[in-house]
Amino acid sequence: MNIYLIGFMGVGKSTVAKMLSDKLDFELIDTDIEIEKRENRSINEIFSQNGEEYFREKEKELIEELSKKDNMIISCGGGIIKSDVNIVNMKKSGSVVLLEASPEIIYNRVKDDNNRPLLVSNPGIEGIKKLMKEREESYNKAFTHKVDASKTPVQVVNDIITATLTLSDEFGNIN
Ligand code: S3P
């Protein structure tokens, strides 16, 4: 079983995914980092040189590939849920955990980061609110479990383990 972490940009997927993979000894993949590696260029460059559609195709290929693997923690780019094919592929191969936080919390976490082209074209808290609203239905369609990502990363990791793994004796909560 894979564990896919989904949710809006800046909600803390990468940090939590790293901690989860250490804790469970599952392999870690961050879709943004993997695509950057394969393309040998940054997300910003991919968007500006080839456009969003091209990036979405790369995401789709990667999720299809990862859905055939097992025991992976997969930190997904925030827009992964824009494709129904991705939603199907994720759900058939694992748990899909939605990390949720308010636009205000997210804004504070992303405001100094320039590697998110969609936040440049949708600036400020208003931009975040607009994108969140557009995506709300897709996020809700995609998740199998939902956690409150305004908590500390340690708490979020524990909540994910409790929610997704029934063999909790083996993977007891961390302190
Ligand atoms: C995007 C989120 C980003 C990255 C790209 C597009 C989105 O990932 O995939 O900039 O559409 O929400 P993070 O959620 O890891 O920031």
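Student: What makes the backbone of Gly79 a polar contact of the ligand?

Tutor: In this predicted model, a backbone N or O atom of Gly79 lies 3.2 Å from an oxygen atom of the ligand. A polar contact is a pair of N or O atoms within 3.5 Å, so the pair formed by Gly79 and the ligand counts as one.

Student: Which distances support calling the side chains of Asp32 and Arg135 polar contacts of the ligand?

Tutor: For Asp32, an N or O atom of the side chain is 2.6 Å from an oxygen atom of the ligand, and for Arg135 the corresponding side-chain distance to a ligand oxygen is 2.7 Å. Both values are within the 3.5 Å limit, and therefore both pairs qualify as polar contacts. With regard to cover, the ligand on its own has 390 Å² of accessible area, and the protein covers 96% of that area.

Student: What makes a residue part of the shell around the ligand, and which residues come nearest?

Tutor: A residue is near the ligand if one of its heavy atoms lies within 4 Å of it. There are 14 residues around the ligand, of which Lys13, Asp32, Arg56, Arg116 and Arg135 come nearest. By class, this shell divides into 5 nonpolar, 3 polar and 6 charged residues. Helix H3 (43-66) and helix H6 (117-121) each supply at least two of its residues, and H3 provides the largest share, with 4 residues.

Student: Why is the ligand said to sit in the largest pocket?

Tutor: The term requires that more than half of the ligand's atoms lie within 2 Å of the pocket's grid points, and the ligand does sit in the largest pocket, so that condition is met. The largest pocket holds about 530 Å³ of space, and 27 residues line it, with Met9, Asp32, Gly77, Gly78 and Arg116 nearest its centre. Two or more lining residues come from each of helix H1 (13-24), helix H2 (31-39), H3 and H6, with H3 giving the most, 5 residues. The lining is made up of 9 nonpolar, 9 polar and 9 charged residues.

Student: What lines the second largest pocket, and which element gives the most to its lining?

Tutor: About 210 Å³ of space lies in the second largest pocket, and of the 14 residues that line it, Glu100, Ala101, Met132, Glu136 and Tyr139 are closest to its centre. Strand S4 (94-100) and helix H7 (124-142) each supply at least two lining residues, and H7 gives the most, with 6. By class, the lining has 8 nonpolar, 2 polar and 4 charged residues.

Key. Residues are numbered from 1 along each chain as its sequence is written. This is a predicted model: local features need pLDDT of at least 70, side-chain atom pairs count only at pLDDT 80 or more; totals for chains, interfaces and linings use all residues. Side-chain values use heavy atoms; hydrogens and water are left out. A polar contact is a pair of N or O atoms within 3.5 Å; within protein, one must be able to donate a hydrogen and the other to accept it, and residues adjacent in sequence count only if both atoms are side-chain atoms. Accessible areas come from the Shrake-Rupley method with a 1.4 Å probe; for residues, only the protein chains shown count as cover. On a 1 Å grid over the protein atoms alone, a cavity is a set of points where a 1.4 Å probe fits but cannot get out, and a pocket is an open set with protein on both sides within 12 Å along at least five of seven lines; lining residues have an atom within 4 Å of a point. Ala, Val, Leu, Ile, Met, Phe, Trp, Tyr, Cys and Pro count as nonpolar, Asp, Glu, Lys and Arg as charged, and the others, Gly among them, as polar. Grid points are joined across faces, edges and corners, and a volume is the space filled by probe spheres set on the points.
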